[in-house]
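Reader: Could you take me through the sheet in this model, and what packs around it? I'd like the cut-offs spelled out as you go.

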Amino acid sequence: MHRLILLRHGQSVWNAEDRFTGWTDVGLTDRGIAETRRASDLLKAAGIDLDIAFTSVLSRAIETLHLVLRDMDRLWLPVHKHWRLNERHYGALQGLNKTETAERHGVEQVFRWRRSWDIPPPPIDPDDPRSAVTGRRYAGIARSNLPRGESLKDTTDRVVPFWRDEIAPALRLGARVLVSAHGNSLRGLVKHLDAVADQDIPLFEIPTSRPLVYELGADLTPLRRYFLGENGAVEEIGWSKDDPAGKGGNAAA
């Protein structure tokens, strides 16, 4: 059995301010730090150890990872950072307050931008400071690969190649893997692992800093997936009426 742990970063400053964050680089709040330390406790209580970690190039995910590794006495583990694990790019919505944006554009329209599978937000000019795609962090990436605004489908399309090229090979070698990333990049990975329907995956909630554990077979097909809870409790995940246990995965594809 192979083990994969997915961890959404703790509450960020812009989470607390109810703003569209996307690729904007913001840190954790005090609550986010506390959430992350709770995640460390849950992992230790479950007897889960790690061999390698992957994260985005955004500070909130990196900080979350470092806090967990420190609390688990695993700061020495190899860590790989990549922009393909970044949060979904929210285009011209980045930095805007979600409630105020709904008042301006309508609740239904903002819901489509936030929770549809393949409808992107309004694009932003790459030279707009809010686009957050400039500077040394992204200097080695072809400009054509840098998003101006992404749907969840777009985000998934960039996450899956990283899964195939980097994460899956580490699992096949027997490594116990932690991925510290973001709500939408992790949704994209969950969709790929479990072949979740397009209409279902946008509504799948991944709470901040609550470990989501995958137990995978030899071919990396999910055998079981669950959120860790207090006192050894776990919350099993199912998907739809046709596939209540989410066992139609395509992880090896």
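Author: Here's the sheet, followed by the helix on it and the cores.

This is a predicted model, where local features need pLDDT of at least 70 and side-chain atom pairs count only at pLDDT 80 or more, while totals for chains, interfaces and linings use all residues. Numbering starts from 1 along each chain as its sequence is written, and side-chain values use heavy atoms, with hydrogens and water left out.

Okay, the sheet: it's open and mixed, with seven strands in the order S3-S2-S4-S1-S5-S6-S7. (Strands are DSSP E runs of at least two residues, helices are H or I runs of at least four, both numbered from the N terminus; two strands pair if DSSP finds at least two bridges between them.) S3 (79-81) and S7 (234-236) sit at the edges with a single partner strand each, so one side of each has no neighbour in the sheet.

Zooming in, S1 (residues 2-8) and S5 (residues 212-216) run antiparallel, joined by five bridges. His2 stands opposite Leu216 in S5. Helix H7 (residues 183-194) packs on the sheet, touching S1, S4 (177-181), S5 and S6 (222-228); contact means heavy atoms within 4.5 Å.

Now the largest nonpolar core: 32 residues, with Leu4, Leu6 and Phe54 among those with the most contacts inside it. (Such a core is a set of buried Ala, Val, Leu, Ile, Met, Phe, Trp, Tyr and Cys residues joined through side-chain atoms within 4.5 Å, buried being under 20% relative accessible area with a 1.4 Å probe, protein chains only.) H6 gives the largest share, eight residues.

Note on methods
Axes fitted to C-alpha atoms, helices over the stretch in contact; angles between N-to-C directions. Buried < 20%, exposed > 50% of the residue type's maximum accessible area, 1.4 Å probe, protein only.
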